[in-house]
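Thanks for coming. I have one structure to go through this morning, and I will keep it short. Here it is on the screen.

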Amino acid sequence: MNLEKAQPVQEIQTPSHPEIKAHTKRNPLAIFKKMGKSWELYLFLLPTLLYFVIFKYVPMYGLQIAFKDFIAVDGIWGSPWVGFDHFQRFFQSYKFWDLLKNSLLINTYQLIFAFPLPIIFALMLNQVTHTRFKKLVQTVTYAPHFISVVVLVGMILLFLSPSSGFVNNFIQLFGGEPIYFMGSESWFKSVYVGSEIWQTTGWSAIIYIAALTSIDPNLHEAAIVDGASKFQRVLHIDLPGIMPVIMIMWILQIGHFVTLGYQKILLMQNDLNIGSSEVIQTYVYKSGILNSQFSYAAAIGLFENAINFILLIMMNQFAKKMKQQSLF
Amino acid sequence: MTNLARVARTKNDKLFDFFNYGILTIILLIVLYPLYLIIISSISDPLAVTAGKVVFWPKGFTLKGYEILLENKDVWRGYRNSLLYVVLSVAIGVSLTISAGYALSRKELVGRNFFMFAIVFTMFFSGGLIPSYLLIQQLHMMNTIWAVVIPSAVSAYNLIVTRTFFQTSIPDELLEAAKIDGCSTTRFFFSIVLPLSMPIIAVMALFTAVGEWNSYFPALIYLQDQALYPLQLILRSILVASRDAAQVTDGAIDPDVIAEQQQYKELIKYSLIIVSSIPVLILYPFLQRYFVKGVMIGSIKG
């Protein structure tokens, strides 16, 4: 019944690789022998391994066209090298700063507003003792996760329509002027992040709810004896207890920092909000696939990918330094 | 927990509970209302919907929206295509994920950490849109159903979840016992592991199925032939591009049909949202615990 018991929660989450050490000491012949013994397992693995090589690693190899001038007849191999020309062209293009700004802003809003909500939601739900109410809330809030992006954007368009949407009807009911949400640059990011919150908060909370169940009830018991209120216990026992999971989710989120949600953004775009809604990924789609500037678009994609990767590594190192959870 | 809570219920805690339940109820309503509104709008008089009179219950009951959709060939074909793509991607995805997940869970697989790293790495760094697009071109998969089925069938995340499941639920002793009885790895997998892994198969099938049913982007970039369009692309043209249902495909169109559809344009959208979500809506209440289980297994190792 003491606070030290919180430690095991953290240890469970930390992956360990004892088998790495075991392997390095063996001599090569024994390893081959062992591999031969488990040839069936390699057969099980082979199709999926091929899948990953073809559909994940070949495209990575294909990224070299970002440094070439892709000519369809010559293929990826035969096209001439041009170095960093495409990158330079992108950095100097008048669109560059707008794209970067939009991408960073949307994702910053996402991190500030959409990231903490599932955590708070899970902490609140964890305090609910009525099982049926809890089940009801869970069932309802998980449901939007299963709605497709197309349907979600369709719903946004219907509900936010200035002439017939229920949101504007509501605003008018209170004497306000109808707002053309989708036709304004200033509203776009709020609508995007707001709908994201509506769709994902419940589902994203699952992982925190799971983590909360592994917190030692003795801690709560001891805290109650010491006269801690519910709110204090949430703040000082539950929240620190799931901190490792929060850290991991944070790192993962950062790792997709610039990429998130371009398929939804693409659907939400129109001529009126394009100044605020064009992000790096949607621009890659337009310049690459619609306008066939493959090399240029691949360079932009690589630039974006590199930012993501660097941010991920940085966050991971940071987490390690803080003696918190890290991915690797 | 309930016992403890009863013992130490101070005034503060009551206040906390009041706000906690209050806020959760508000959240519940915020999530529920848009879904409810779609349902009641889809069976209401379109004029009442546009005028904002449909708020709590349907007004001027009509099934016209559904009737028009029933006659729409594009929607039906999209539906059929989507079902086919779902079945194919589940078959491919699940068999690849389960077999590889199993192999990666076994300690005698030399180099499994290397394989695992190679797979996890793809979650954080990828070739991106353009090289993948060119790959599909080179493989001559452009404008075929395989372009929308295969590249998205297996995911690194699912593979990690599956491996974790096998690691935690198939004890080593079971394998040892089977080996002593002269059971081969393959036979062990098919006659002992598979029957024990129905939960994970269900989870993977569901994840893959929902993902495939809901995706539109691969179809948008890889398919040109409208006869191959999945439902989500049909939805996109009606819901998002706001094209009339009849104009999705070219060809001779009855002017009467157009006039009718103009009138029911909004109604069709509401009905279409319901129709396209039906498979998931029906499955969801029964399968919710499987989905949740999938996320939970995944959380064991980050």
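Let me start with confidence. Chain B has an average pLDDT of 84, and 88% of its residues score at least 70. There is a weak stretch: across residues 246-252 of chain B the pLDDT falls below 50, and in the model that stretch has 11 contacts beyond near neighbours in sequence. I would keep in mind throughout that this is a predicted model. Its scores are ipTM 0.86 and pTM 0.85.

Next, chain A. What is its secondary structure? Chain A has 19 helices and 0 strands. It has 328 residues, of which 39% are buried. If you take the contacts in chain A with a separation of 6 or more, 69% of them are between residues 24 or more positions apart.

Now the contact between the two chains. How many residues does each chain put in? Chain A contributes 85 residues and chain B contributes 80. On the chain B side, H2(B) provides the largest share, with 14 residues. Sorted by type, that side of chain B, the one touching chain A, has 49 nonpolar residues, 23 polar and 8 charged.

H2(B) comes up again inside chain B. The domain assignment splits chain B into domain 1, residues 2-62, and domain 2, residues 67-299. Where these two domains of chain B meet, 7 residues of domain 1 are in contact with 8 residues of domain 2. On the domain 1 side, helix H2 (11-42) and helix H3 (46-50) of chain B each supply at least two residues. The most comes from H2(B), with 4 residues. That side of domain 1 is made up of 4 nonpolar and 3 polar residues, with no charged ones. So H2(B) gives the most to the side of domain 1 that touches domain 2, and the largest share of the side of chain B that touches chain A.

On to the nonpolar cores. As background, nonpolar side chains tend to be buried together in soluble globular proteins. Which residues touch the most other members of the largest core here? They are A:Val150, A:Ala298 and A:Ile300, in a core of 120 residues. The largest share of this core comes from chain B, where helix H5 (residues 73-105) supplies 11 residues. Looking at A:Ile300 in particular, and leaving out residues up to four places away in sequence, its contacts are A:Phe90, A:Ile280, A:Tyr283 and A:Val284. Another core, of 24 residues, lies apart from the largest one; A:Ile119, A:Ala122, A:Ala205 and A:Tyr208 are among its members.

Last, some backbone geometry. Most residues other than glycine have a negative phi. Two residues in chain B are worth pointing at on the screen. B:His140 is not a glycine, yet has a positive phi of about 55°. B:His140 sits in the loop between helix H7 (129-138) and helix H8 (145-149) of chain B. Is B:His140 buried or exposed? It counts as exposed, because it has 10 C-beta neighbours inside 10 Å, and the cut-off for exposed is 12 or fewer.

B:Asn143 also lies in the loop between H7 and H8 of chain B. Its phi is positive too, near 60°, and it is not a glycine either. B:Asn143 has 13 C-beta neighbours inside 10 Å and therefore counts as partly exposed.

That is what I had; we can go back to the screen for discussion.

Terms used: Residues are numbered from 1 along each chain as its sequence is written. Chains are lettered from A and ligands numbered from 1 in the order in which they are written. Domain bounds come from an automatic or database domain assignment. Ala, Val, Leu, Ile, Met, Phe, Trp, Tyr, Cys and Pro count as nonpolar, Asp, Glu, Lys and Arg as charged, and the others, Gly among them, as polar. A residue is buried if 20 or more other C-beta atoms lie within 10 Å of its own, exposed if 12 or fewer, and partly exposed in between; C-beta atoms are placed from the backbone. pLDDT is the predictor's confidence in each residue, from 0 to 100. A nonpolar core is a set of buried Ala, Val, Leu, Ile, Met, Phe, Trp, Tyr and Cys residues joined through C-beta atoms within 7 Å.
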